[in-house]
Amino acid sequence: FTPELARATGKPIVLIQNGIHSGEIEGKDATLALLRDISVTKRLERLADSVIVLVLPIFSVDAHERRSRWNRINQNGPDEMGWRANPIGLNLNRDYMKAESPEMQALLANLYTRWWPHVLVDNHTTDGADYQHDLTYSVNHGPTTPRAIDRWMREAVSGRIVERTRAQGHLTSPYLSFRNGYDPRSGIVEWAAPGRFSHGYPPLHGRAAILTETHMRKPYATRVKATYDFLVAILEELNARPRELTRAVAASEAEIVARGREADPKRRDVALTSGITDSADTFPYRGYVTRWEKSDISGGIVPRYTTTPWDTVVPFYRQLRPTLTVRQPAGYVVPQEWTVVRRVLDLHGVRWRRFARAWSDTVEVPRIAQWRAADGFEGHRPIEVSQVELVPRRRAYRPGDLWVPLDQPQ
């Protein structure tokens, strides 16, 4: 029951997280039912044999308490549900990197960077196009994901866990994001979530993450049951092969550390973002016959879904290529007056050291050469940087300034 004792067991640690969007709340009920069947009825007590389970029943608590019958009124239950954003308008599932909200600061400082879960499971409800699939999921892969964790998520999650869930009677699929709006005929697109998302953050630390998404049009009981069965399948996999996950995390951490220690600059390249290629596989899509009609309100063409099944095969774009690759330095020097930087480094568990005495030398200073302002978002003005130049500068640093080495998993 402490992070230290948990790590000493050598068992994988899984964090099940619910209510980061508190209008999408079936994960809370599914997880409480799962805990009941592990620890009260004992029917699934075996699922705690070889894994340590952490549960966050409700992440965005204040948003959960703002529940109403009129939130998400196009969602099929529950009778009352909470808000997507927290009370000051911040979407917690866009806050993992900047860690601006008190909820995220508490999660990172008191839970994530103390327990270091090997895998995070984040439960959600999605909207958008209607289809027969009752459970979708997403895991990161490709050039921005450490190789060993990429392989574990492909083999264990997209392979065995998904097959277990299908065997329980669910129509499981990858997260259904279409290449062209609401039209499944354009193909399904997989992407690698950046670090501001729940399932994009753990891979930055060499760890796994699984996003689950049921669909808002399905009855609430159906959504809870699908989430419950998926969680059972995840814990069954971790109990059957606990060392596969712990070894994958260890290898991924080692890959990150080795890149930070690499003497050859060309071997320090790291992909920060990725995008899909035009190469496509196929996916057996289970949709509904759809009528495309002109909206009386907007004048645009909108889909009207029927209850008639429509089974087809659509393109599946899942091969990713790096779209932004940079050469990481050995480390960063942070002047001590940049207290906001130190605070965020501490929240993310990043190690740093202070200079004991004054030091001066030529360093590389990044200069933003091209940029543009994007649309405002949650009180911020995002900046899209398209070109950066490294300019040699002679700089003097003082005792107390920070050295942040990159030969660390964080």
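Ala, Val, Leu, Ile, Met, Phe, Trp, Tyr, Cys and Pro are counted here as nonpolar, Asp, Glu, Lys and Arg as charged, and the others, Gly among them, as polar. The model is a predicted one, so local features need pLDDT of at least 70 and side-chain atom pairs count only at pLDDT 80 or more, while totals for chains, interfaces and linings use all residues. Residues are numbered from 1 along each chain as its sequence is written, and side-chain values use heavy atoms, with hydrogens and water left out.

By class, the lining of the second largest pocket breaks down into nine nonpolar, 10 polar and six charged residues. A pocket here is an open set of points on a 1 Å grid over the protein atoms alone, where a 1.4 Å probe fits, with protein on both sides within 12 Å along at least five of seven lines; lining residues have an atom within 4 Å of a point. This one holds about 500 Å³ of space, a volume being the space filled by probe spheres set on the points, which are joined across faces, edges and corners. Of its 25 lining residues, Arg84, Thr126, Asp127, Tyr175 and Glu213 come closest to the centre.

Next comes Ser173, placed in strand β5 (residues 172–174); strands are DSSP runs of E, at least two residues, numbered from the N terminus. Ser173 is buried (under 20% relative accessible area, 1.4 Å probe, protein chains only), at 0%. Leaving aside residues up to four places away in sequence, Ser173 touches His133, Leu135, Thr136, Tyr137, Arg166 and Phe283, contact meaning heavy atoms within 4.5 Å.

Key. Helix = DSSP H or I, 4+ residues; strand = E, 2+ residues; numbered from the N terminus. Buried < 20%, exposed > 50% of the residue type's maximum accessible area, 1.4 Å probe, protein only.
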